[in-house]
Amino acid sequence: MPDSFCGSWEIISNVNFEGYMNALGINPYLRKIALRLKLKKVIEQQEDRYIIKTCSTFRNYATTFRVGQEFQEFTEGLDNRHVKSMVTWHGKKMVCEQVGEKKCRGWTHWMEEDKLHLELFCEGEVCKQVFKKKVNE
């Protein structure tokens, strides 16, 4: 059984975010803004449905899905693309593959000790983010 990712999380490490955003084609102005943001992540599970929210003072993004079911996703506020997404469990890792205009795109979430890890990947660029659970959780 995978660890529970549910809760509110605050970013503590963000490696190669600019390289990842560049691979997505995000313009330099927006990349500069995004690099200064302190991201927060809220993960909820309602029966067999997951809701992942990424929040900042600049923009928020949310996606809802069922593991093992392909879904259409519009990455509004990110790179504004339509992709077909599929989330599956690979052991204790939640892995999303996104098929669309950009090649080899997706993300992976997993837990190590009390930290939530996220790798975002697109066209050979990998961003590694680490989050800690909010104290009041």
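Me: Hi! What order do the strands of the open sheet have?
Reply: The 10 strands of this predicted model's open sheet run in the order β4-β3-β2-β1-β10-β9-β8-β7-β6-β5, with antiparallel pairing. Strands are DSSP runs of E with at least two residues, helices are H or I runs of at least four, and both are numbered from the N terminus. Two strands pair if DSSP finds at least two bridges between them.

Me: Which strands stand at the edges?
Reply: β4 (61-66) and β5 (71-74); each has a single partner strand, so one side of each lacks a neighbour in the sheet.

Me: And how many bridges join β1 to β10?
Reply: Six, between β1 (residues 7-15) and the antiparallel β10 (residues 125-133). I11 stands opposite F131 in β10.

Me: New topic: what does helix α1 lie across?
Reply: Helix α1 (residues 17-24) lies across β1, β8 (105-112), β9 (115-122) and β10, at about 130 degrees to β10. Axes are lines fitted to C-alpha atoms, for helices over the stretch in contact (heavy atoms within 4.5 Å), and angles run from 0 to 180 degrees between N-to-C directions.

Me: Which residues of α1 are buried?
Reply: F17, G19, Y20, M21, A23 and L24, which is six of its eight residues. Buried means under 20% relative accessible area (1.4 Å probe, protein chains only). The buried residues pack against β1, α2 (28-36), β8, β9 and β10.

Me: What comes just after α1?
Reply: G25, with a positive phi of about 85 degrees.

Me: Thanks! What are the ground rules for the values?
Reply: In this predicted model, local features need pLDDT of at least 70, side-chain atom pairs count only at pLDDT 80 or more, and totals for chains, interfaces and linings use all residues. Residues are numbered from 1 along each chain as its sequence is written, and side-chain values use heavy atoms, leaving out hydrogens and water.

Key: Buried means under 20% relative accessible area, exposed over 50%, partly exposed in between (1.4 Å probe, protein chains only).
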